[in-house]
Amino acid sequence: MFRFLLLLIFFIHSTTFAMPPIMPLAEVQNGMDGTCYTVVDNSGAFESFNVKIVGTIQNGKGSSTYIMAKASGDLINRTNGVLQGMSGSPVYVNGKLIGALSAGFKEMDPTIFLITPIEDMLKIWDLPDPLTINPYEVNEETDGEIFDEEIFDRGELPADDDAEKNIDEKSLLIYNGFDSAGLNFLQNTFPDFQGMALAANDGTSDLKYNATLEGGSPLGVAVVCGDFLVGATGTVTAVDGKKILAFGHSFLHAGKVNFFMTDANVVGPVAGAPGGGMKIANVGSIIGRINQDREAGVSGVIGQFPPVVPIRVTVNGETYNSLIAYNENLVAKLGAAIAYTALSRNADSLEESTVKIRFDIKTNAVEGGVLSRENIFYSPTDVGQLAITELLSALTLVTSNTTNENDISGINVNIDYEFARRTASLVKAEPLQKSVKPGETVVLKVTLQPYRKPAEEIFVKYTVPITAREGKFGLDLHGGGLVPVTQAQQAGVIVPSTKSPSELYNEKILALLKTNKNNELIIKPSAVTKTEKELKEDIQRAQKLLAHFQKLGQKPPVIPAATKVSTDYIIDNVVQCTLNVDKL
């Protein structure tokens with residue numbers, strides 16, 4: 001199910017290619033000569049190099065068998081061996097496809113490489129396709145522009161053996177739009193997302209409907225496109241109609257997926273240490289959908305597009321637009337990483353800052369269809385790490401429903417920052433009335449001391465609980481980001497629940513929305529330890545009050561456990577005051 005899904009479109013005039021004849025692994029013999037086809041420079045021309053079959057190797061019981069080969073020829077001399085980015089390049093023997101170039105050996109002979117047998121790659125096409133519905137159609141008239149209108153109306157709003165460690169068979173991820181802080185954040189969040197920052201695309205997320213590919217064509221796979229990019233480039237191995245096989249190894253090894261398939265423009269080769277050279281390519285337009293990400297390679301469908309989550313982040317008026325290919329395990333962290341990086345790029349500093357952030361997530365996880373939250377954060381260094389915590393929590397919560405899969409059809413984040421410390425300490429709180437009765441409202445004069453600014457006074461109203469005892473009544477006043485010790489201790493007590501998973505999930509959403517904000521002043525009764533006798537008296541008093549209002553035909557007043565008042569500062573401490581409560 002989903003969100004924003006782009007539909008399969010076929011064009012009669014498009015050129016299509018049929019699956020070439022294959023040579024099974026059993027027929028591949030040592031000493032055979034073959035040819036590998038690929039593109040290595042910006043001319044886009046297909047080139048080839050000679051291949052000599054050396055033998056076959058297996059990484060252990062249950063592991064795939066690879067064909068070992070040696071490359072030679074003018075192209076290999078120019079590139080100083082096989083390159084990263086050639087992965088997927090088709091290898092033919094006697095006019096038959098035997099598999100895809102898929103790996104080299106680090107710091108060893110750069111002309112020796114491994115081939116993933118085509119038989120293993122063909123099995124990928126037999127796996128179930130995760131795409132089940134297609135509710136949103138795009139065509140050439142719509143121009144595929146996801147951001148023509150607002151996302152939504154905000155209103156008021158492998159094994160441990162040494163041999164495998166030397167085999168380089170992973171996709172080298174490339175990034176665009178991420179500064180060093182954003183890239184560190186992303187790679188710390190996803191330890192497997194190691195790669196390099198490149199100008200890998202032009203910041204667009206255009207759709208191309210009539211793309212054609214053939215064995216040897218450059219190809220991109222991405223999980224994020226637009227002003228930010230996370231992806232990899234490689235080579236197409238085989239095409240059968242609209243179906244493609246590529247890479248000869250995994251992208252993220254994520255199994256059934258809905259990732260972006262893109263075209264790619266090769267810039268040129270960069271020689272490196274043995275096994276370390278690379279074919280640099282730019283990720284281009286979205287041309288289809290990658291539906292399998294397996295050990296033997298990736299597969300996809302040209303002209304069919306994945307479900308996406310549009311994300312817009314605006315930082316001090318500067319807007320960044322991107323598309324995240326929907327995946328429950330990735331969308332939360334990727335969304336948070338994009339928001340963090342947008343802030344980091346715009347601020348260009350890790351000095352002390354105050355950030356106001358509001359996010360709106362369009363989702364069916366909440367009534368009304370939009371989960372919104374606003375808060376203020378301060379940190380002496382890298383406030384972005386704090387500022388995106390609630391966004392990450394909200395997205396994680398939305399995607400972690402154990403009862404149903406929730407839709408996410410848009411993320412809108414607005415961030416305002418200033419290089420200043422907007423915090424304040426509570427100096428004192430004084431009631432303006434000498435005494436008050438239960439159920440009545442008292443005005444408190446609260447003195448705030450902003451950081452390195454003159455003191456300020458604010459006046460707030462507090463309604464005394466109807467069950468308050470006669471005598472001294474203590475109040476705690478603190479910032480919304482602070483949790484009193486007694487409350488924190490109580491939070492550690494685990495109480496078994498008889499509620500359904502759906503009820504518990506809804507409570508988690510509600511708890512997130514009701515969580516105190518850092519710039520709120522919280523006023524609530526002081527925690528006191530009561531004797532068993534006092535607890536019984538409280539119950540009796542509550543029962544009498546209930547009977548009193550029932551007799552009058554009235555409902556008892558609902559008085560919140562705590563009063564919340566928004567301020568212009570992050571409140572960083574706690575003060576207390578005492579009320580004199582008269583008999584009701």
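Two strands are taken to pair if DSSP finds at least two bridges between them. The exercises below apply this and related criteria to a predicted model.

**Exercise 1. Strand S18 and its partners**

Task: Establish how strand S18 (residues 353-363) pairs with S19 and with strand S20 (residues 408-418), and state how many of the residues of S18 are buried.

Solution: Begin with S20, which runs antiparallel to S18 and is joined to it by ten bridges, a count that meets the requirement of at least two. One position that fixes the register is Thr363, whose bridge partner in S20 is Ile408. Turn next to S19, which also pairs with S18 in the antiparallel sense, over ten bridges. Here the register can be read from Thr354, which stands opposite Tyr378 in S19, and from Asp360, which stands opposite Ser372. The connection between S18 and S19 is a hairpin with six residues between the strands, and in it Gly368 takes a positive phi near 95 degrees. Finally, consider burial: nine of the eleven residues of S18 are buried, so that the strand is mostly covered by the criterion of under 20% relative accessible area. S19 is likewise described as mostly covered, with seven of its ten residues buried.

**Exercise 2. The surroundings of strand S15**

Task: Determine which strands pair with strand S15 (residues 297-302), and how many of its residues are buried.

Solution: First take strand S14 (residues 278-294), which pairs with S15 in the antiparallel sense over six bridges. The two are linked by a hairpin of two residues, and within this pairing the bridge partner of Arg289 is Val301. Then take strand S12 (residues 243-246), which pairs with S15 over four bridges, again in the antiparallel sense; in this case Ala246 has Val298 as its bridge partner. In a regular strand the side chains alternate between the two faces of the sheet. In S15, Gly297, Ser299 and Val301 point one way, while Val298, Gly300 and Ile302 point the other way, and all of them are buried. Because six of the six residues are buried, S15 is largely enclosed by the rest of the structure.

**Exercise 3. Helix H9**

Task: Check the span of helix H9 (residues 501-514) against expectation, and work out where around the axis its buried residues lie.

Solution: The helix has 14 residues, and at 1.5 Å a residue it should span 20 Å; the C-alpha atoms at its ends are 20 Å apart, which agrees. The next step is to list the buried residues of H9, which are Tyr505, Ile509 and Leu512. They cover an arc of only 60 degrees around the axis, and therefore lie on the same side of H9. What these buried residues pack against is strand S19 (370-379), together with helix H7 (389-398).

**Exercise 4. Ser89 in its loop**

Task: Decide whether Ser89 is buried or exposed, and identify the polar contacts of its side chain.

Solution: Ser89 is placed in the loop between helix H1 (74-79) and strand S4 (90-93). Its relative accessibility is 0%, and so Ser89 counts as buried, the cut-off being under 20%. For the polar contacts, look at the side chain of Thr38, which is joined to that of Ser89 by a contact of 3.0 Å, and then at the backbone oxygen of Met86, which the Ser89 side chain reaches at 2.6 Å. Leaving aside residues up to four places away in sequence, the residues that Ser89 touches include Cys36, Tyr37, Gly99, Ala100, Leu101, Thr235 and Val236.

**Exercise 5. An open sheet**

Task: Work out the strand order of the open sheet that contains S21, and name its edge strands.

Solution: The sheet is made of four strands in the order S23-S22-S21-S27, and the pairing is mixed. The edges are strand S23 (456-463) and strand S27 (570-571), each of which pairs on one side only. Within the sheet, strand S21 (residues 423-431) and strand S22 (residues 441-450) run antiparallel and are joined by seven bridges, with Lys445 in S22 as the bridge partner of Glu430.

**Exercise 6. Cysteines**

Task: State how many disulfides are counted, and whether Cys225 and Cys577 are buried or exposed.

Solution: With a disulfide taken as a pair of cysteine sulfur atoms within 2.5 Å, the count comes to zero. Cys225 is buried, at a relative accessible area of 2%, and Cys577 is buried as well, at 6%.

Notes. Residues numbered from 1 in each chain as written. Predicted model: local features only at pLDDT ≥ 70, side-chain atom pairs only at ≥ 80, totals over all residues. Heavy atoms only, no water. Expected span 1.5 Å × (residues − 1). Buried < 20%, exposed > 50% of the residue type's maximum accessible area, 1.4 Å probe, protein only. Arc of directions from axis to C-beta. Contact = heavy atoms within 4.5 Å. Polar contact = N/O pair within 3.5 Å; in protein donor to acceptor, adjacent residues only side chain to side chain.
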